[in-house]
Amino acid sequence: MANLHYGRNVLRRSTMHHPLLFAAQGVRYRKLEVILTTTIDKLGKAGETVKVAPGYFRNHLMPKLLAVPNIDKFAHLIREQRKIYQPKEVEEVKVVTKTEDIGMKEYEAAANRLAKAKLNIRKFIIEGKGNEVRDPVTKEEILAEVARQLQVQIEPKNLHLPTPLSSLGEYKVPLRLPKSLPKPAGEEWILNVKVRKR
């Protein structure tokens, strides 16, 4: 009875060694070759053959159909699918960019429309305080009204309004437009704003 051993120690103490027991020791470090069906970060692009751990393939890639084993049948199927679903070459469409002359003409037309127009903004006044409005007219409100009434988009940096307009009346708000635009007769770009009682 002295020769009977149980558990792991059976293999260590016995003098008999089976060749298959030692051949399987490299299984842990074995890698499988798989074909990726979709692009996966840090692994590869769709259609590439990569080596992954068997557990990663069995537990993650195969159930989600992200990869298939690298055998002739699957390789043939992937090649055929690529032929069918590969996007056809699209004709190159030339994009015609606006020349500077056309752009400058548009800027001039918009600037002239701003200089000639009078912007009307209606506000509630505070009872008993004369012409003082309840909430002052800010730069953002003026920009929104210019876009709504005159259909011209102005950048906030192009409108110079140091303090909000807090009373009824007519105001001349200076505009800061590019120097390449010819100035009107008044030698300055001005937006006329009229704050009225609602």
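## Helix H6

A residue counts as buried when its relative accessible area is under 20%, and as exposed when that area is over 50%. In this predicted model, the buried residues of helix H6 are Ile142, Leu143, Glu145, Val146 and Leu150. Viewed down the helix axis, these buried residues fall within an arc of 165°, so they line one face of H6. On the other side of the helix, Glu140 and Arg148 are exposed. An α-helix has 3.6 residues a turn, so residues three or four places apart point the same way.

H6 covers residues 139–150, twelve residues in all. From its first C-alpha to its last it reaches 16 Å, close to the 16 Å expected at 1.5 Å a residue.

## The nonpolar cores

The largest nonpolar core has 26 residues. Those with the most contacts inside this core are Leu114, Ile142, Val146, Leu191 and Val193. The elements giving two or more residues to the core are helix H5 (100–116), strand S4 (118–123), strand S5 (132–137), H6 and strand S8 (190–197). H6 supplies the largest share, four residues. In soluble globular proteins, nonpolar side chains tend to be buried together.

Ile142, one of the buried residues of H6, shows which parts of the chain meet the helix. Leaving aside neighbours within four places in sequence, Ile142 is in contact with Leu119, Ile121, Val137, Leu159, Leu161, Leu165 and Leu191. Apart from the largest core lies another core, of nine residues, which includes Leu36, Val50, Val52 and Leu66.

## The loop between H6 and S6

Gln151 comes just after H6, in the loop that runs between this helix and strand S6. The phi of Gln151 is positive, about 55°, although the residue is not a glycine. Most residues other than glycine have a negative phi. With a relative accessible area of 57%, Gln151 is exposed.

Asn158 is found in the loop between H6 and S6 as well. Its relative accessible area is 18%, so Asn158 counts as buried. Not counting residues up to four places away in sequence, Asn158 touches Pro174, Leu175, Arg176 and Leu177.

Pro164 also belongs to the loop between H6 and strand S6 (165–167). Pro164 is partly exposed, because its relative accessibility is 42%. Beyond its neighbours within four places in sequence, Pro164 is in contact with Pro136 and Val137. The C-alpha atoms of Pro164 and Thr138 are separated by 4.8 Å, although these two residues are 26 residues apart along the chain.

## Lys42 and its loop

Lys42 is another residue that is not a glycine yet has a positive phi, of about 65°. Lys42 lies in the loop between strand S1 (32–36) and strand S2 (49–52). At 90% relative accessibility, Lys42 is exposed.

## Aromatic rings

There are zero aromatic pairs in the structure. One ring does have a charge placed over it: the charged end of Lys73 sits over the ring of Phe74, 5.3 Å from the ring centre.

Terms used:
Residues numbered from 1 in each chain as written. Predicted model: local features only at pLDDT ≥ 70, side-chain atom pairs only at ≥ 80, totals over all residues. Heavy atoms only, no water. Expected span 1.5 Å × (residues − 1). Buried < 20%, exposed > 50% of the residue type's maximum accessible area, 1.4 Å probe, protein only. Arc of directions from axis to C-beta. Contact = heavy atoms within 4.5 Å. Phe/Tyr/Trp six-rings, centres within 6.5 Å; stacked < 30°, edge-to-face > 60°. Lys NZ or Arg CZ within 6 Å of the ring centre and 35° of its normal. Core = buried A, V, L, I, M, F, W, Y, C linked by side-chain atoms within 4.5 Å.
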